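This report reads through a single protein chain, taking up individual positions, strand pairing, backbone geometry, nonpolar packing and pocket space in turn.

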Amino acid sequence: METIKEIKDSVVMFRTHEDVVKARGSIKEASRKWWVASAQKVLSADYAFAIIDDIVRGVYKVKGYNDESDDGSCYPGFKGIRKAFDFEEAPASVKENYLNKALPVEFQNWGQNPIRYNF
């Protein structure tokens with residue numbers, strides 16, 4: 001597995017798991033919602049990474065967010081706290097730098113926080 005040598009863009013990383021991908025139907029859906037995060041900080045990132053087992057499985061541009069769901073999928077009692085981010089696919093030129101590559105060692109120690117920033 002190739003390792004990313006340097007993350008040159010400002011990036012927010014959302015750590016998720018295969019079981020969440022299966023439950024939500026896609027890596028995009030598993031990584032874009034329902035996070036307790038600063039919308040302002042997430043929106044200031046150039047890109048968002050979907051991370052599974054320290055490997056970048058999705059690269060997206062964050063276009064916006066909401067804290068409500070029409071389908072009731074937000075956790076009860078967390079309206080206004082948890083956010084769903086609106087993602088669109090990053091350009092191919094960006095994805096080729098990161099997609100399906102391992103994170104650099106300095107970004108592999110997450111502790112218990114599922115969100116990480118490089119800025």
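## A buried serine before the first strand

S10 is found in the segment that precedes β1, the strand spanning 11–15. The model is a predicted one, and the values reported here should be read with that in mind. In this model S10 has a relative accessibility of 17%, and therefore counts as buried, since the limit for that class is under 20%. Leaving out residues up to four places away in sequence, S10 touches S44, A45, D46 and Y47, and it also touches N118 and F119.

## I55 at the start of β4

Strand β4 covers residues 55–66, and I55 is placed in it. The relative accessibility of I55 is 15%, so this residue counts as buried. Once neighbours within four places in sequence are set aside, the contacts of I55 are M1, A50, N100, K101 and A102. One of these partners, M1, lies 54 residues from I55 along the chain, yet the C-alpha atoms of the two residues are separated by 9.0 Å.

I55 also takes part in strand pairing, where the residue that stands opposite I55 is I52.

## Strand pairing

Strand β3, residues 47–52, pairs with β4 in the antiparallel sense, and five bridges are found over this pairing. On its other listed pairing, β4 is joined by six bridges to β5, the strand of residues 82–89, and these two strands likewise run antiparallel. Within the pairing of β4 and β5, Y65 stands opposite F85, while the bridge partner of Y60 in β5 is E89.

Strand β5 is also joined to β2, residues 35–36, by two bridges in an antiparallel arrangement. Here W35 has K83 of β5 as its bridge partner.

## Backbone geometry in two loops

Most residues other than glycine have a negative phi, and most peptide bonds are trans. Against that background, which residues in the loop between β3 and β4 deserve a closer look? D53 lies in this loop and has a positive phi near 55 degrees, although it is not a glycine. D54 lies in that loop as well, and its phi is also positive, with a value near 65 degrees. The hairpin of β3 and β4 has two residues between the strands, and D53 takes its positive phi within this hairpin. As for accessibility, D53 counts as exposed because its relative accessibility is 65%, whereas D54, with a relative accessible area of 21%, is partly exposed.

A further backbone feature concerns the peptide bond from K33 to W34, which is cis, with omega near -25 degrees. W34 is found in the loop that runs between α2, residues 27–32, and β2.

## Nonpolar cores

In soluble globular proteins, nonpolar side chains tend to be buried together. In this model, the largest nonpolar core has 18 residues, of which V12, F14, V42, F85 and F87 touch the most other members. The elements giving two or more residues to this core are β1, α2, α3 (39–43), β3, β4 and β5. The largest share, three residues, comes from β3.

Which residues does F87 touch when those up to four places away in sequence are not counted? F87 touches F14, K28, S31, R32, A48, Y60, K61 and V62. Among these contacts, F14 is itself named with F87 as one of the core residues that touch the most other members. A second core, separate from the one described above, has 15 residues and includes I4, V11, F49 and V59.

## The largest pocket

Rolling a probe the size of a water molecule over the atoms shows where empty space is left. How much space lies in the largest pocket of this model? The largest pocket holds about 160 Å³ of space.

Twelve residues line the largest pocket, and those that lie nearest its centre are R15, T16, V20, A30 and W35. By residue class, the lining of this pocket divides into six nonpolar, two polar and four charged residues. W35, named among the residues nearest the pocket centre, is the β2 residue whose bridge partner in β5 is K83.

Key
Residues are numbered from 1 along each chain as its sequence is written. This is a predicted model: local features need pLDDT of at least 70, side-chain atom pairs count only at pLDDT 80 or more; totals for chains, interfaces and linings use all residues. Side-chain values use heavy atoms; hydrogens and water are left out. On a 1 Å grid over the protein atoms alone, a cavity is a set of points where a 1.4 Å probe fits but cannot get out, and a pocket is an open set with protein on both sides within 12 Å along at least five of seven lines; lining residues have an atom within 4 Å of a point. Grid points are joined across faces, edges and corners, and a volume is the space filled by probe spheres set on the points. Ala, Val, Leu, Ile, Met, Phe, Trp, Tyr, Cys and Pro count as nonpolar, Asp, Glu, Lys and Arg as charged, and the others, Gly among them, as polar. Helices (H or I, at least four residues) and strands (E, at least two) are DSSP runs, numbered from the N terminus. Buried means under 20% relative accessible area, exposed over 50%, partly exposed in between (1.4 Å probe, protein chains only). Contact means heavy atoms within 4.5 Å. Two strands pair if DSSP finds at least two bridges between them. A nonpolar core is a set of buried Ala, Val, Leu, Ile, Met, Phe, Trp, Tyr and Cys residues joined through side-chain atoms within 4.5 Å.
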